[in-house]
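User: Could you take a close look at one part of this model for me, and then place that part in the rest of the chain? I would like one connected walk-through.

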Amino acid sequence: MAQKVAWKPRKWILPPGLHQTASRFGIRCRNLIEKAKVDPKPLLIRAPTGSGKSMFVESFIHMYLKSFPNRKVHFVNCAAFPSDLLESELFGYVKGAFTGATADMNGWFEEVVDGIIVLEELGELPKHLQAKLLTAIEFKRFSRVGERKERELRAQIVATTNVDRGSFRDDFWFRFESFYVPPIHERRMDILYYMELFDPELLEMLPKGSVLAALCYNWPGNVREIERVCSAIREEIAFYEEMKTFRDVINEVDGDDSTFVLTLHPLDFKQHDVSDYRFNKPEFLRSKMVHQGIKVEKIERALESCDLGFDCKNDVFKSWLGNKHSYPIEIEELDGYFTIVGNSQYQLAFGGLCLFCKLFLQDINADADILDLGSPSLSSKDWRDLREEDKILPSFEDKPFTYKKKMYHKSVAKLDQDLSRHIYICFGVHESSMDSFSEWPRYFQEAFQESLSYYTGISGITSDDVESFNVLYKRNPSNKKLADYFGGKPDSVSEEIAIESVRLDDLKRLYYETVCHKIGTTHGYKKRLSVIANKSQATITEDFKKLGLSEEFNNPNFYPMKRLSVLKS
């Protein structure tokens, strides 16, 4: 008879997006295990399919067995049995309980004794079985099918589900210690780690635009969908190579390179049965912006600082930082079965995603493809509520962060410092509200002006517009994107000042700068201004001289930025 092998957990990686979740889960496990010595309480791990419930189940079992060694462990998939058979499997039955019950049989609650029984897909449990299990959990007693005798329930129950609370009886739901594992769209920083896990060389083949597309996609199938896509990419690349060889053979036979034109690209991913993820989606976004006259190069300049972009064919995202910037950390408590992983380049790319979401006012946790540019996000913190030291966003003298050049003439320690600083800036910009706009790096400001012009459809947005974001909405109250952002109600950003407290010259200066901001200061602008103001050019020239505007407006690099807003009452 074969000897039974003791249960051991599989090897798991713990990506950054699960660090805090795992820490909280560890605290929950220790509390449950301590209470289990007196009164075991069932644990329910909730997460959408493919989010990584199994890792948390195995983590709990591993910790439990360290406190209670040599206990039995058994897994039951509730979705794999008809309801009547499942009841027999769990609770057992006596001879004659139903047709075919020719002898007594122990259920798994008896078999595991004081060990662990894992009920997978608990949401598939019928309501009448929920009621029976509820009674067993509450009173620690149960009966086999077909008998009245009660037996003691000593097992530690661990359950998993991918359904919401509505699928359970309320009284049943509250009997479990519930723990939630977030899906991929709520922890997009983990996407690249999983892609590397399933295919270590893949990210050195993907263009930067395709990596941006992967970070923006919501992956409804979670980790399993990422695995399937990685396999499909490999298949697509192999198919491309075969077609390339086929083309070369035909051209060699015909002696004419124009005979067969290869139109495929190795990442023309069209396997709709696998995933809705599209490699080339950023290129379509870029072409739309170019068509609308957006200066896309300013947005690309900001994304490039995080090693991302819109190019989905040529500019490859690769591990330029090297293995020294990938760091596994074993968790002593879990004996090396669960390893924390990190990678500086992936952190930088996630910083780029944070920046992209800020540029286009998107919710980074939305259960949608961010590249679709849906409803604007209101998740940014109010800058006024932060501590003064948290408001400071260090910049690189308003020059984009260029990691590749730094590699050759600076130490790894200096690169780490600069890299961490830049990532911090991206996170800070993402978390801040618009009243911090003036503290963003200049090239981030320029990128935001262009992306906001595209997103709202309002052309010529300036930094002054962004700094007075509410005023921009007041001037464009019918703009749907801004209306969604402000909840349909523009917040008041001004206070009424008594007219006797305002100097006439101040109003004049504001008036002239506001009009010139609109019409520009190219040759002949004073003539246009005189028509608008209904004054002679001589009067306007005299006003400019008195207000000190002549010298500034004659400077070709000066651009009037101040605005005067007049609201109808």
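**A loop residue and its surroundings**

Analyst: Let's start with Glu-121, which sits in the loop that runs between β6 (116-120) and α5 (127-139). Please keep in mind that this is a predicted model. The backbone at Glu-121 deserves your attention: its phi is positive, about 55°, although the residue is not a glycine. As background, most residues other than glycine have a negative phi. How buried or exposed is Glu-121? Its relative accessibility is 22%, so Glu-121 counts as partly exposed, the class that begins where the buried range, under 20%, ends.

A second residue with such a backbone is Trp-219, also not a glycine, with a positive phi of about 50°. Trp-219 belongs to the loop between α8 and α9 (222-254). Its relative accessibility is 1%, and therefore Trp-219 counts as buried.

The loop of Trp-219 brings us to α8 and its helix partner. Helix α7 (residues 191-198) and helix α8 (residues 208-216) have axes that come within 9 Å and cross at roughly 115°. That crossing makes α7 roughly perpendicular to α8. On the α7 side, the contact is made by Ile-191, Leu-192 and Met-195, and on the α8 side by Val-211, Ala-214 and Leu-215. Sorted by type, the residues of this contact are 6 nonpolar, with no polar and no charged ones. In general, nonpolar side chains tend to be buried together in soluble globular proteins.

Met-195 also leads into the interior. The largest nonpolar core has 107 residues, and Phe-60, Met-195 and Phe-356 are the ones that touch the most other members. Helix α12 (residues 344-359) gives the most to this core, contributing 10 residues. For Phe-60, leaving aside neighbours within four places in sequence, the contacts are Phe-25, Cys-29, Leu-32, Ile-33, Leu-43, Ile-116, Gln-156 and Val-158. There is also a second, separate core of 26 residues, with Leu-125, Leu-153, Ala-159 and Trp-173 among them.

Now for two charged residues that sit in helices. Glu-87 has its place in helix α3 (residues 83-91). With a relative accessible area of 18%, Glu-87 is buried, because buried means under 20%. Beyond its neighbours within four places in sequence, Glu-87 is in contact with Gly-92, His-128, Leu-129, Lys-132 and Val-145. Lys-527, in turn, lies in helix α20 (residues 525-533). Lys-527 has a relative accessible area of 57% and is therefore exposed, since that class is over 50%. From Lys-527 to Ile-540 there are 13 residues in sequence and 9.2 Å in space, C-alpha to C-alpha.

Stepping back to the chain itself, there are 22 helices and 12 strands. Of the 569 residues, 47% are buried. Among contacts with a separation of 6 or more, 71% come from residues 24 or more positions apart. The chain exposes about 29,900 Å², and carbon and sulfur atoms supply 50% of that area.

To return to where we began: Glu-121 combines a positive phi of about 55° with a partly exposed setting, while Trp-219 pairs its positive phi of about 50° with a buried one.

Terms used
Residues numbered from 1 in each chain as written. Predicted model: local features only at pLDDT ≥ 70, side-chain atom pairs only at ≥ 80, totals over all residues. Heavy atoms only, no water. Axes fitted to C-alpha atoms, helices over the stretch in contact; angles between N-to-C directions. Helix = DSSP H or I, 4+ residues; strand = E, 2+ residues; numbered from the N terminus. Parallel < 35°, antiparallel > 145°, perpendicular 65-115°, else oblique. Contact = heavy atoms within 4.5 Å. Nonpolar A, V, L, I, M, F, W, Y, C, P; charged D, E, K, R; others polar. Buried < 20%, exposed > 50% of the residue type's maximum accessible area, 1.4 Å probe, protein only. Areas by Shrake-Rupley, 256 points an atom, 1.4 Å probe, with all protein chains shown as cover. Core = buried A, V, L, I, M, F, W, Y, C linked by side-chain atoms within 4.5 Å.
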